[in-house]
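Here is a short report on a ligand site and an internal cavity. Keep the structure open while reading.

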Amino acid sequence: MEIGELIYQGKAKSIYKSDNDDELIALFRDDMTAFNGEKHDQFSGKGVYNATVSAFFFDYLEKHGIKTHFIRMIDEKTMLVSKLEMIPLEVIARNRAAGSITKKLPLKEGQVLNPPVIVTDYKDDAKGDPAVNDDLILALGLLTRDELNEARRTTLEINKLLYDFFDELGLVLVDFKIEFGRRGNEIILGDEISMDSMRLWDKETGESFDKDVYRFNKGDVMTAYARVVEKIINWKKEQIK
Ligand code: 5GP
């Protein structure tokens, strides 16, 4: 597989052309950033952890009927994906109140949100990813009404699948962010699903196993990420027993 021209450099991933026009190559780098890039570090092995977990979840979701851009791994931190026209929206599902929502609304950290809450931010770093509601998504021409309904339904489905999965691992899926893109007439899950884009708390102790460890200096972030990878590997071993 020939890695082609760099076409997009995100905060933690680089996207390259591949030798097929319908496919792209996503390289998960070791960069870690927080607070819109204000905090920035590199952690050896981070790219591999996030690529491994993302690949696992894309595969898991595909097996449960969710369409994703994942094709296959090229190496431990490089993923072949199908090319999508990305929609500049961050779709966030929340099962517990944490992070930004507790700063803006009278919700206590850890408060259960049942039914889960889906919110959307317009992806624009310079503007601080402002929140947008359905009417604004339609006004901005980002999605049609049908696509909006579908994205919401799919996000709730993904949330249920991931929540139940992590529950089995002894973790609470507090919240996560996903992104969708278009392939023809279809809305497909793109980007990544990793510890960078979710909050995971230990069910018993409340300990964080996600980027909050880095954001708020709660300990060694690579140890936390490694624990999630280890739990997933152990889960996989249990499945083949
Ligand atoms: P919050 O709104 O509390 O900042 O984030 C809610 C959830 O979405 C958290 O799990 C957070 O990690 C994720 N999230 C929000 N914005 C971003 C982003 O720009 N990039 C990534 N990777 N995750 C995000």
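The report covers the ligand shell, its polar contacts and the cavity.

## The shell around the ligand

This is a predicted model. In it, 14 residues surround the ligand. Those that come nearest are E90, R94, S100, D175 and R199.

Which strands each supply at least two residues of the shell? They are β9 (89–96), β11 (171–178) and β14 (198–202). β9 gives the most, with three residues. By residue class, the shell holds eight charged residues, three polar and three nonpolar.

## Polar contacts and burial

S100, one of the residues that come nearest, places a polar side-chain atom 2.5 Å from a ligand oxygen. R215 also contributes through its side chain: an N or O atom there is 3.0 Å from an oxygen atom of the ligand. D196 uses its backbone instead, with an N or O atom 3.4 Å from a ligand nitrogen.

How much of the ligand does the protein bury? Taken alone, the ligand exposes 490 Å². The protein buries 80% of that area.

## The cavity

The count of cavities of 30 Å³ or more comes to one. The volume of the largest cavity is about 50 Å³.

What kind of residues line the largest cavity? Seven are nonpolar, with no polar and no charged residues in the lining. The lining consists of I87, L89, V91, L143, A151, F180 and I187. The ligand shell, by contrast, includes eight charged residues.

Terms used:
Residues are numbered from 1 along each chain as its sequence is written. This is a predicted model: local features need pLDDT of at least 70, side-chain atom pairs count only at pLDDT 80 or more; totals for chains, interfaces and linings use all residues. Side-chain values use heavy atoms; hydrogens and water are left out. A residue is near a molecule or strand if one of its heavy atoms lies within 4 Å of it. A polar contact is a pair of N or O atoms within 3.5 Å; within protein, one must be able to donate a hydrogen and the other to accept it, and residues adjacent in sequence count only if both atoms are side-chain atoms. Accessible areas come from the Shrake-Rupley method with a 1.4 Å probe; for residues, only the protein chains shown count as cover. Helices (H or I, at least four residues) and strands (E, at least two) are DSSP runs, numbered from the N terminus. Ala, Val, Leu, Ile, Met, Phe, Trp, Tyr, Cys and Pro count as nonpolar, Asp, Glu, Lys and Arg as charged, and the others, Gly among them, as polar. On a 1 Å grid over the protein atoms alone, a cavity is a set of points where a 1.4 Å probe fits but cannot get out, and a pocket is an open set with protein on both sides within 12 Å along at least five of seven lines; lining residues have an atom within 4 Å of a point. Grid points are joined across faces, edges and corners, and a volume is the space filled by probe spheres set on the points.
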